[in-house]
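Okay, thanks for coming, everyone. Let me put today's structure up on the screen, and then I'll talk you through it.

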Amino acid sequence: WLGDGTPGDFLHVSAEIGIGAAVVVDGGLLRGTRGFAGELGHVPVQPDGPVCACGGRGCLEQYAGEEAVLRAAGLEPDEDRVGLLAGRAADGDEDVRRALREAGTALGVALTGAVNLLDPESVVLGGELSGLAPWLLPSLREELARRTAGPVCPVSVSRLGPEGPLLGAAHSVVRAVLDDPAAVAGRA
Ligand SMILES: [Zn+2]
């Protein structure tokens, strides 16, 4: 609703400590039978990688979650994790840039599975992750292009920034009212 020319089928990826994706099909959110659709952070990128809180191994979160990236860059967790990483990367800190490149590669591997399965119009990076896009995107795009079976799926950065998911949640309420005004009126 808020983006310019937002496609009807896309994947919105956002990351904080965890990484989640919203799968939008025909303009609507795919929730899954049990409400767990879009758990991109628990897609394995290394079958024998580190154990994850979900019980699996080598999940994307272990490579591209904010804390994982801080660890890989040799930094202590900070209140403003993304601000710290973006600041260091902008200053040319090679450890941080390498950690972000590797996170981008891991995101590309995980997203290849999603793109091959769903063939979305595009992938949109949003949430806190969008602040790190300049350093994540090149390796992410390279990995995705190298691995996807069909034509290359474009990857863009959400213009809504970190507020995108909140705005989306608010608009989903507004949309529910517009879709069925009588149901809401009857509840009052
Ligand atoms: Zn996991």
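Before anything else, what I mean by a cavity: on a 1 Å grid over the protein atoms alone, it's a set of points where a 1.4 Å probe fits but cannot get out, and lining residues have an atom within 4 Å of a point. Points are joined across faces, edges and corners, and a volume is the space filled by probe spheres set on the points.

Housekeeping next. This is a predicted model, where local features need pLDDT of at least 70, side-chain atom pairs count only at pLDDT 80 or more, and totals for chains, interfaces and linings use all residues. Residues are numbered from 1 along each chain as its sequence is written, and side-chain values use heavy atoms, with hydrogens and water left out.

So, how many cavities of 30 Å³ or more does the whole structure have? One, with a volume of about 50 Å³. Its lining includes Ala 15, Glu 16, Val 69, Leu 100 and Leu 136. Helix 2 (66-72) and helix 4 (94-118) are the elements giving two or more residues to that lining; helices here are DSSP runs of H or I, at least four residues, strands are E runs of at least two, and both are numbered from the N terminus. By type, the lining has nine nonpolar residues, one polar and two charged. Nonpolar is Ala, Val, Leu, Ile, Met, Phe, Trp, Tyr, Cys and Pro; charged is Asp, Glu, Lys and Arg; the others, Gly among them, are polar.

Overall fold: seven helices and five strands, running β-β-β-α-α-α-α-β-α-β-α-α along the sequence. Of the 188 residues, 37% count as buried, meaning under 20% relative accessible area, with exposed over 50% and partly exposed in between (1.4 Å probe, protein chains only).

Now the zinc ion. Its donors are His 42 (ND1), Cys 52 (SG), Cys 54 (SG) and Cys 59 (SG), at 2.0 to 2.3 Å. Donors are N, O and S atoms within 2.8 Å of the metal (3.2 Å for Na, K and Ca), and water isn't among the atoms, so sites may look incomplete. The spacing reads H-x9-C-x1-C-x4-C. Why call the arrangement tetrahedral? Because the four donor atoms subtend angles of 104 to 123 degrees, and four donors count as tetrahedral if all angles lie between 85 and 135 degrees.

And are those cysteines buried or exposed? Cys 59 is buried, at 2% relative accessible area, whereas Cys 54 is partly exposed, at 44%.

Technical notes
Tetrahedral: all angles 85-135°; square planar, octahedral: opposite > 155°, others 65-115°. 1 Å grid on protein atoms, 1.4 Å probe; cavity = no way out; pocket = protein on both sides within 12 Å on 5 of 7 lines; lining within 4 Å.
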